[in-house]
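Subject: Structure for your review, with notes

Dear colleague,

I am handing over the structure below, together with an account of what was found in it. Please keep it open beside this message while you read.

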Amino acid sequence: MTEHLLKILVVGDNAVGKSSFVERYVSGHFNKVYKMTIGVDFSVKLLHWSDKEKVRLQLWDIAGQERFISMARLYYKGAHGCMVMFDVTNSSSFQNCRRWKQELDSKATLPNGTPIPCILLANKCDLSQRVVSAANIKDFSKANGFMTWMEVSVKDNKNVGEAIRALVEEVLTVHSFLYPLHPESQDTVNPQQDSETDCRRTGSCC
């Protein structure tokens with residue numbers, strides 16, 4: 001059985017729903033109470049991807065507050081994929097996705113120098129007071145180098161698992177192209193082992 005170990009970042013402005021997204025995906029629960037992330041929160045989920053493969057996801061929920069942005073760059077190292085999230089009722093959180101993507105591309109790249117796979121998530125699509133249209137999101141996604149975009153509702157559990165699966169599929173496709181597997185291989189994709197060790201042990205960093 002091959003096990004892939006993937007480090008996935010979840011970034012975006014504060015209060016767009018990143019922590020709720022991770023909690024919904026990992027535990028299946030939706031927390032209505034907003035809790036500010038300090039630095040980064042860290043979650044793990046094991047996926048039985050196929051009869052021959054497992055995927056162990058490390059989900060790094062990175063704080064969106066301005067005062068944490070410089071520190072957030074430290075957490076990009078060794079990432080294999082990223083989800084940039086915004087709130088469809090908040091136009092500034094949408095526009096700021098360009099900055100988050102540019103920051104990501106400057107800090108986390110594949111061995112061949114190309115950007116890591118990244119999906120754009122439009123959260124809170126269940127709300128009627130949205131101010132960002134699907135057409136604008138589509139154009140923005142294409143113009144800024146996202147692999148794709150998806151409307152999600154963490155509250156209604158819409159496209160949460162689907163978004164993760166789409167990103168994981170892209171990450172595995174990219175890495176299988178860069179690193180063709182040999183029959184004797186036991187694992188394929190592994191994050192760099194350095195200061196992240198303490199984060200994995202404690203479950204959170206700040």
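Two residues are said to be in contact here when they have heavy atoms within 4.5 Å of each other, and that is the sense in which one part of the chain is said below to cover another. Please bear in mind throughout that this is a predicted model.

To begin with the first helix, the buried residues of H1 are Lys-18, Ser-20, Phe-21, Val-22, Arg-24 and Tyr-25, and what covers them includes the strands S1, S2, S3, S4 and S5 as well as helix H6.

The pairing of H1 with H6 can be described in further detail. Two packed helices are described by the angle between their axes and the distance between the axes. In this model the axes of H1, which spans residues 18-27, and H6, which spans residues 160-178, come within 9 Å and cross at roughly 90 degrees; because angles of 65 to 115 degrees count as roughly perpendicular, H1 is described as roughly perpendicular to H6. On the H1 side the residues that meet H6 are Phe-21, Arg-24 and Tyr-25, and their counterparts in H6 are Val-160, Gly-161, Ala-163 and Ile-164. Sorted by class, this contact of H1 with H6 has five nonpolar residues, one polar residue and one charged residue.

Glu-23 is also in helix H1, but with a relative accessibility of 30% Glu-23 counts as partly exposed. When residues up to four places away in sequence are not counted, Glu-23 touches Gly-28, His-29 and Asn-31, and its C-alpha lies 8.5 Å from that of Ser-43, a residue 20 positions away in sequence. Gly-28, which follows H1, has a positive phi, near 85 degrees.

Turning to the chain as a whole, there are seven helices and seven strands, and from the N terminus on the order of these elements is β-α-β-β-α-β-α-α-β-α-β-α-α-β. Of the 206 residues in the chain, 46% are buried, and the accessible surface comes to about 10300 Å², with 49% of that belonging to carbon and sulfur atoms. Among contacts with a separation of 6 or more, 75% are between residues 24 or more positions apart.

As for the interior, the largest nonpolar core has 28 residues, and Leu-9, Val-84 and Phe-86 are those with the most contacts inside it. Two or more residues are given to this core by each of the strands S1 (2-12), S2 (40-47), S3 (53-62), S4 (81-87) and S5 (118-123), and likewise by the helices H4 (97-107) and H5 (134-143). A second core, separate from this one, has 27 residues, including Val-10, Trp-49, Leu-59 and Leu-172. Returning to Val-84, and leaving aside its neighbours within four places in sequence, its contacts are Val-11, Cys-97, Trp-100, Cys-118, Ile-119, Leu-120, Leu-121 and Phe-146.

Several loop residues may also be worth a look in the viewer. Val-152 lies in the loop between strand S6 (148-151) and H6, and with a relative accessibility of 0% Val-152 counts as buried. Apart from neighbours within four places in sequence, Val-152 is in contact with Leu-121, Ala-122, Asn-123, Lys-124, Cys-125, Lys-158 and Asn-159. Val-152 and Asp-87 are 65 residues apart in sequence, while their C-alpha atoms are 9.8 Å apart in space.

Lys-124, one of the contacts of Val-152, is found in the loop between S5 and H5 and is partly exposed, with a relative accessible area of 22%. Its phi is near 70 degrees, a positive value in a residue other than glycine. Asn-157, in the loop between S6 and H6, likewise is not a glycine and has a positive phi of about 60 degrees; at 42% relative accessibility, Asn-157 counts as partly exposed.

Finally, Ala-108 is found in the loop between H4 and S5, where a relative accessibility of 4% makes it count as buried. Not counting residues up to four places away in sequence, Ala-108 touches Tyr-76, Pro-115 and Ile-116, and its C-alpha is 9.6 Å from that of Tyr-75, which is 33 residues away in sequence.

With best regards

Notes. Residues numbered from 1 in each chain as written. Predicted model: local features only at pLDDT ≥ 70, side-chain atom pairs only at ≥ 80, totals over all residues. Heavy atoms only, no water. Axes fitted to C-alpha atoms, helices over the stretch in contact; angles between N-to-C directions. Helix = DSSP H or I, 4+ residues; strand = E, 2+ residues; numbered from the N terminus. Parallel < 35°, antiparallel > 145°, perpendicular 65-115°, else oblique. Nonpolar A, V, L, I, M, F, W, Y, C, P; charged D, E, K, R; others polar. Core = buried A, V, L, I, M, F, W, Y, C linked by side-chain atoms within 4.5 Å. Buried < 20%, exposed > 50% of the residue type's maximum accessible area, 1.4 Å probe, protein only. Areas by Shrake-Rupley, 256 points an atom, 1.4 Å probe, with all protein chains shown as cover.
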